[in-house]
Amino acid sequence: MLAANLVTVALIVGAMVLIDPAIATIALAALGTTYAVIYLAARGKLLRNGVAESGHYAERTRIVGDSLGAVKEILLWRAQPLFVARFAASCRAISRNALSTLAISQTPRHALELATLCALVGSALYLGGGGGRQGSWVASLSFMGLAVYRLLPALQQAFIALVRIRADRPALA
């Protein structure tokens with residue numbers, strides 16, 4: 001999925017550069033910088049989430065193994081609540097870490113959509129105030145708006161994939 005999104009991003013960027021290199025450069029620099037800053041700010045948290053999540057998965061697996069290995073003793077001593085409580089605590093910790101990682105991956109989406117909309121409206125007001133020919137800038141702005149709105153989901157999916165890779169890195173080590 002990451003590769004497909006990167007190809008989509010490259011094709012959209014190529015089309016934007018062909019139409020208007022200056023606006024394309026500004027738009028891409030703004031989007032790229034925003035995603036890079038958010039990723040760099042969240043790297044440590046993602047790695048900590050991944051380490052904690054891997055530890056909790058190992059703990060949960062150990063709990064299941066212990067309980068299956070001693071089924072007779074657990075039933076005889078009526079120790080099921082102890083194992084259920086330990087298993088539930090491990091599952092809650094896994095869910096908290098997964099939710100934190102998901103929140104980090106979804107953070108830039110809405111903020112960038114709002115910023116993009118404001119930039120397009122601001123560009124239209126700036127270009128429309130010049131009193132020149134409207135046909136050329138309206139067409140260019142329309143294409144750039146469409147391209148950026150097609151670019152945002154692809155960038156967001158690539159960002160989500162990178163966040164997931166960073167968070168899952170400890171499990172692969």
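**Entry 1: a network**

Which residues are linked in a network of salt bridges? I began with this one, keeping in mind that I am looking at a predicted model. I found that E53, R164 and D168 are linked in such a network. Within it, I looked up the pair R164 and D168, whose closest N and O atoms are 2.6 Å apart. Both residues sit in helix α5, four residues apart, about one turn of the helix.

I also checked how open these two are to the outside. R164 is partly exposed, with a relative accessible area of 30%. D168 is partly exposed too, at 29%.

**Entry 2: the other salt bridges I looked up**

How many salt bridges does the structure hold? My note says five. One of them joins E59 and R86, with 3.6 Å between the closest N and O atoms. E59 belongs to helix α2 and R86 to helix α4, so this pair ties together parts that are 27 residues apart in sequence. I wrote down the accessibility of each partner: E59 is partly exposed at 25%, and R86 is partly exposed at 31%.

Next I turned to R109 and E113, which form a salt bridge with the closest N and O atoms 3.8 Å apart. These two are four residues apart in helix α4, so about one helical turn separates them. R109 has a relative accessible area of 37%, which makes it partly exposed. E113 comes out at 31% and is partly exposed as well.

**Entry 3: the largest pocket**

Then I went looking for pockets. The largest pocket has a volume of about 360 Å³. It is lined by 17 residues, and the closest to its centre are I23, I26, A27, A119 and S123. Which elements give two or more residues to this lining? They are α2 (21-69), α4 (80-128) and α5 (134-172). Helix α4 gives the most, with eight residues.

I was curious about the character of this lining, so here is the tally. It divides into 15 nonpolar residues, two polar and no charged.

**Entry 4: the second largest pocket**

How much space lies in the second largest pocket? I noted about 160 Å³. Its lining is made of Y35, Q106, P108, R109, L112, E113, Y149, L152, P153, Q156, Q157 and I160. Two elements, α4 and α5, give two or more residues to it. Here α5 gives the most, with six residues.

I sorted this lining by type as well: seven residues are nonpolar, three are polar and two are charged. Going back over the names, I was pleased to meet R109 and E113 again in this lining, since I had already written them down as salt-bridge partners.

**Entry 5: looking back**

A few things I want to remember for my next visit. Helix α4 gives the most residues to the lining of the largest pocket, while α5 gives the most to the lining of the second largest pocket. The lining of the largest pocket holds no charged residues, whereas that of the second largest pocket holds two. Helix α4 also carries R86, the partner of E59 in helix α2, and the pair R109 and E113. Helix α5 holds R164 and D168, which brings me back to the network with E53 where I started.

Methods. Residues are numbered from 1 along each chain as its sequence is written. This is a predicted model: local features need pLDDT of at least 70, side-chain atom pairs count only at pLDDT 80 or more; totals for chains, interfaces and linings use all residues. Side-chain values use heavy atoms; hydrogens and water are left out. On a 1 Å grid over the protein atoms alone, a cavity is a set of points where a 1.4 Å probe fits but cannot get out, and a pocket is an open set with protein on both sides within 12 Å along at least five of seven lines; lining residues have an atom within 4 Å of a point. Grid points are joined across faces, edges and corners, and a volume is the space filled by probe spheres set on the points. Ala, Val, Leu, Ile, Met, Phe, Trp, Tyr, Cys and Pro count as nonpolar, Asp, Glu, Lys and Arg as charged, and the others, Gly among them, as polar. A salt bridge is a side-chain nitrogen of Lys or Arg within 4 Å of a carboxyl oxygen of Asp or Glu. Buried means under 20% relative accessible area, exposed over 50%, partly exposed in between (1.4 Å probe, protein chains only).
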